[in-house]
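Let's take a walk through this protein chain together, starting with the overall layout and then stopping at a few spots inside. Keep the picture handy as you read.

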Amino acid sequence: MKGLSKRFAKNIGAVAGLLVLCLIVLMALGANGLYPENPWDPSVAPFLKPLQEGGVWLGSDSLGRDIASGIVHGARASLLVGCVATAVALVIGLAVGIPAGFLGGRSDEILMRLTEIFQTIPSFFFAIVLVAIFQPSFASVIAAVGLVSWPPVARLVRAEFMRVKSSEFVEAARVQGLSNLRIVMAEILPNCLSPLIVMASLMVANAILLESAISFLGLGDPNLMSWGYMVGASRSLLRLAWWMCLFPGLAIFLTVLAINLVGEGLNDALNPRLHRKGQ
C-alpha cells in the first residue's frame, strides 16, 4: 500500500485530480450547510450577473434561483448517480463475466452472445428509452445508466478470469480440494481487482456524463437539481445569460476530468510494469 501511494503521488495530474475530486465531494456532503434553502426556490432577482449582488457569487437564473446553490446541490445528485450506477454495472458485469471466464465452454458462449447483444445497442439511446419506460426518476436514471454500462465490465472480468484460472496457485487450490466458489472468491477475484478498480473509476465519469445528458433532455428526476438539467434549461438563454450554462458545464467538465486523472493515476500505480518502464 505504501508503494502504491508513492507511485500515485509521482503522477502530478492524478494528485491534482484527487484534490479537485475531494473538494467536489466535500461540497456535495456539505450542500445543506452551505445552501440550506431549496435550490428550486427563487431567492433573488432574476438574471443577476456573477458578483453583481453580495452573496450571489455565480449569478441567478431566469426565475431568480441562485446558480451556486444549484451547482452545490447538483454535485450530490451527479456523484450519487455516478457511484451507484457504477456499482450496479459492476454487479451485473461480475455476475456475467465470472461464470463466462471460469466455466468457459457453452456457458461462456451464451453469456458473451448476451453481452454482444447489449453492446450492439447505442448506450445513450438505450438509456433514454429505459428512463422513458420507467418514467423519469432518480432510481430509473441509476438503473438505466447501470444497465447500459455493464458489458465492458463483463468482458474485462472474463478475460482476467481466463488469464488467472490457469495459474499455478489456482491449480494448487484445486489440488487442496477447495470448492469452485472458494477458488473464485479467495484466489482468482482478488487477483483481478486492479484493472477493475481502474475501470470503475473511469465508469463513474462516464456515468456522470450520461446522467448529465439525460437530464439535459429533461428526463432526469424532476425533484433533484442536476448539472445537466441546469445546462439544458438555460441553453435557449445562452446569449442573454451566459453564466447559467457556463458554471454548471464547468462543474461537469472539472468533475469528469478529475475522475479521469485519478483513474489514469490508479492505472499507473497499480501496474508495476508501467512504473518500471517509466523509470
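Start with how the chain meets itself. Among contacts between residues at least 6 apart in sequence, 71% join residues at least 24 apart. Bear in mind as you look around that this is a predicted model.

What is the chain built from? There are 14 helices and 0 strands, so if you read along the sequence, the pattern is simply α-α-α-α-α-α-α-α-α-α-α-α-α-α. Taken along the principal axes, the C-alpha atoms fill a box of roughly 75 × 45 × 30 Å. The chain has 279 residues, and 41% of them count as buried.

Now for the empty spaces. Rolling a probe the size of a water molecule over the atoms shows where empty space is left. Let's begin with the largest pocket, which holds about 340 Å³ of space. It has 15 lining residues, and the ones closest to its centre are L21, V25, C83, V204 and I259. Which elements give two or more residues to this lining? They are α2 (12–29), α4, α11 and α13 (243–270). Of these, α2 provides the largest share, with 5 residues. As for the character of the pocket's lining, 13 of the residues are nonpolar, 1 is polar and 1 is charged.

The pocket is open, but there is closed-off space to find too. The structure has 1 cavity of 30 Å³ or more, and about 70 Å³ of space lies in the largest cavity. Around this cavity you'll find A77, V81, F138, V141, E211, S215, G220, D221, L224, M225 and S226. Three helices each supply at least two residues of that lining: α4 (67–103), α7 (138–149) and α11 (193–216). Here the lining divides into 6 nonpolar, 3 polar and 2 charged residues. You may have spotted that α4 and α11 also appeared on the list for the largest pocket.

While we're at α7, take a look at S140, which sits in that helix. Is S140 buried or exposed? Its relative accessible area is 5%, under the 20% cut-off, so S140 counts as buried. Setting aside residues up to four places away in sequence, S140 touches V131, F134 and Q135.

Next, hop over to α11, where you'll find P195. P195 has a relative accessible area of 25%, so it counts as partly exposed. Which residues does P195 contact, leaving aside its neighbours within four places in sequence? The answer is L156 and E160. V157 belongs in this picture as well: P195 and V157 are 38 residues apart in sequence, yet their C-alpha atoms are 8.9 Å apart in space.

Let's finish with the aromatic rings. The structure holds 6 aromatic pairs. One of them joins W40 and Y229, a tilted pair with 5.1 Å centre to centre and 55° between the planes. This pair links distant parts of the chain, since W40 is in the loop between α3 (31–34) and α4, while Y229 is in helix α12 (residues 227–234), 189 residues apart. Both partners are partly exposed: W40 has a relative accessible area of 22%, and Y229 comes in at 27%.

Another pair sits between sequence neighbours. Why does the pair of W242 and W243 count as edge-to-face? Their planes are at 85°, which is over the 60 degrees needed, and the ring centres are 5.6 Å apart, so the pair is edge-to-face. The two rings' residues have contrasting surroundings: W242 is partly exposed, with a relative accessible area of 42%, whereas W243 is buried at 2%.

Elsewhere, ring pairs link F118, F126 and W150 into a cluster. And one last ring to visit is that of F216, which has a charged companion: the charged end of R235 sits over this ring, 4.9 Å from its centre.

Notes
Residues numbered from 1 in each chain as written. Predicted model: local features only at pLDDT ≥ 70, side-chain atom pairs only at ≥ 80, totals over all residues. Heavy atoms only, no water. 1 Å grid on protein atoms, 1.4 Å probe; cavity = no way out; pocket = protein on both sides within 12 Å on 5 of 7 lines; lining within 4 Å. Points joined across faces, edges and corners; volume = space filled by probe spheres on them. Helix = DSSP H or I, 4+ residues; strand = E, 2+ residues; numbered from the N terminus. Nonpolar A, V, L, I, M, F, W, Y, C, P; charged D, E, K, R; others polar. Buried < 20%, exposed > 50% of the residue type's maximum accessible area, 1.4 Å probe, protein only. Contact = heavy atoms within 4.5 Å. Phe/Tyr/Trp six-rings, centres within 6.5 Å; stacked < 30°, edge-to-face > 60°. Lys NZ or Arg CZ within 6 Å of the ring centre and 35° of its normal.
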